[in-house]
Amino acid sequence: MHLLAIGLNHTTAPVSVRERVAFGPEEIAETIGHMRERFSSTQMGGIHEAAILSTCNRTEIYCAAEDTDAARDSVLGFICERKNVSRSELEPHIYTFTQEEAAKHTFRVASGLDSMVLGETQIVGQMKKAEKMARDAHGLGTMLNHLFQSTFTVAKEVRTATAIGANSVSLAAAAVRLALRLFGSLKDERVLFVGAGEMIELCAAHFAAQQPKSITIANRTLERGQVLARTVHADAIRLADLPEKIAGYDIIVSCTASALPIIGLGMIERAINERKHRPMFIVDLAVPRDVEPEIDRLDDVYVYTVDDLGKVVNQGMASRQAAITQAETIISLRMSDFAEWLRQRETVPFIQSLRDRAHLLAEAELARALRHLHHGDSPEEVLQMLAYGLTNKLTHDPTILLRNGEGLDDEDRDLMERLLNRFYRRHDR
């Protein structure tokens with residue numbers, strides 16, 4: 001069994017591609033089960049374990065597979081079929097890692113080294129949710145369980161031993177920074193947050209610190225919106241009321257789990273006319289996007305996606321280079337342990353096969369010995385026969401291999417002789 005990680009992220013694919021292959025929480029369990037059932041045969045990759053990490057910045061699928069090349073082909077084909085994306089559209093944005101490189105990539109992701117916001121901590125929580133969903137969907141086995149537990153240990157060590165997250169600029173802080181560039185101050189601006197999840201909660205706290213004129217939370221479930229509203233002294237409205245009320249807001253920050261845009265071109269066109277072309281600042285943190293892309297073409301409307309915010313976040317990256325170097329060193333050290341574990345896992349099928357053959361030979365010799373005992377033969381003679389017979393059978397294959405070589409070249413023959421010599425000399429002591 002081999003480890004495989006396949007996916008795309010904010011560095012390999014624009015948001016217009018990422019949103020097309022994002023998996024919602026409600027899809028993941030079914031998708032994992034489908035992949036394990038559909039691709040369990042060796043011809044399809046022999047996928048026996050699977051987990052999915054899907055965030056605004058990445059979609060990644062982790063697998064334990066018998067054949068990583070075939071598994072990659074099966075997974076890509078499945079994504080194209082499931083998300084209605086052509087292979088030619090998807091392939092240029094995909095990266096693939098196997099074995100040690102797959103583990104190293106996963107360690108870097110959890111440590112915040114592969115994030116849009118260097119050192120951000122949200123990704124660890126997202127990976128833990130992905131691990132739990134995979135476990136609940138029976139997608140975790142020995143391989144992926146060890147990968148995730150090792151990943152969480154490495155991420156904790158990186159954050160404890162380095163300053164990787166120090167002075168990092170979050171997406172929420174970047175949104176505030178861009179709003180201040182446009183308005184100068186937020187004290188006269190009305191802010192609307194669409195959604196009530198973790199990202200909106202973080203953004204609301206950052207914007208509230210600027211003391212805007214008003215804050216409103218719009219959510220599909222009013223009660224949940226009211227819970228968040230109380231923490232930032234805001235009002236709450238239903239998402240259904242958005243078309244009639246959106247014109248009253250200067251700053252809109254949206255991040256929902258909707259599969260389709262909820263802020264449409266017509267809605268914003270009417271709002272701009274009603275506002276007499278006073279500017280609107282819109283931040284779309286959702287993937288798939290909440291805001292129709294065409295809105296960005298309107299005059300007096302300033303739309304920023306997660307990719308736009310990422311450019312703001314990455315300013316001043318050089319000052320954090322020392323922390324990156326320290327984190328990479330920790331990951332490299334821990335990779336040695338994981339690589340050794342993988343090497344040990346590779347010998348498991350061979351060891352199992354060796355033991356199975358030895359047991360079959362032992363059972364055959366034991367059955368022969370019992371027959372002789374039933375016929376009244378001397379126990380001492382039977383035991384001696386059993387010992388010699390089993391020894392001859394266990395050494396038969398190595399003896400034939402040494403004698404004939406069976407097509408081995410000189411280098412392989414030399415290696416085989418040294419291994420067998422080392423094995424038998426060790427057991428002579």
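**Exercise 1. Domain separation**

Determine how far apart the C-alpha centres of domain 1 and domain 3 lie in this predicted model.

*Solution.* Step one is to locate the domains: the domain assignment gives domain 1 as 2-166, domain 2 as 168-314 and domain 3 as 346-416. Step two is to take the C-alpha centres of domain 1 and domain 3, which are separated by 44 Å.

**Exercise 2. An open sheet**

State the order of the strands in the open sheet of 6 strands, and name its edge strands.

*Solution.* The order is E7-E6-E5-E8-E9-E10, with parallel pairing. Strand E7 (235-238) and strand E10 (301-305) each pair on one side only, and are thus the edge strands. From one strand to the next, the twist averages 20 degrees. At the E7 edge, strand E6 (residues 214-219) pairs with E7 over 4 bridges in the parallel sense. Within this region, Ile-217 has Ala-236 of E7 as its bridge partner.

**Exercise 3. Helices across the sheet**

Identify the strands across which helix H9 and helix H13 lie.

*Solution.* Helix H9 (residues 198-208) lies across strand E5 (190-194), E6 and strand E8 (251-254), and its angle to E5 is about 170 degrees. Helix H13 (residues 306-313) lies across strand E9 (280-284) and E10, at about 80 degrees to E10.

**Exercise 4. The cavity**

Describe the lining of the largest cavity by element and by class.

*Solution.* The structure holds 1 cavity of 30 Å³ or more, and the largest cavity has a volume of about 60 Å³. Its lining includes Ile-6, Val-21, Glu-60 and Leu-90. Strand E1 (2-9) and strand E3 (58-65) are the elements that give two or more residues to this lining. By class, the lining has 7 nonpolar, 2 polar and 1 charged residues.

Key. Residues are numbered from 1 along each chain as its sequence is written. This is a predicted model: local features need pLDDT of at least 70, side-chain atom pairs count only at pLDDT 80 or more; totals for chains, interfaces and linings use all residues. Side-chain values use heavy atoms; hydrogens and water are left out. On a 1 Å grid over the protein atoms alone, a cavity is a set of points where a 1.4 Å probe fits but cannot get out, and a pocket is an open set with protein on both sides within 12 Å along at least five of seven lines; lining residues have an atom within 4 Å of a point. Grid points are joined across faces, edges and corners, and a volume is the space filled by probe spheres set on the points. Ala, Val, Leu, Ile, Met, Phe, Trp, Tyr, Cys and Pro count as nonpolar, Asp, Glu, Lys and Arg as charged, and the others, Gly among them, as polar. Domain bounds come from an automatic or database domain assignment. Two strands pair if DSSP finds at least two bridges between them. Axes are lines fitted to C-alpha atoms, for helices over the stretch in contact, and angles run from 0 to 180 degrees between N-to-C directions. Contact means heavy atoms within 4.5 Å.
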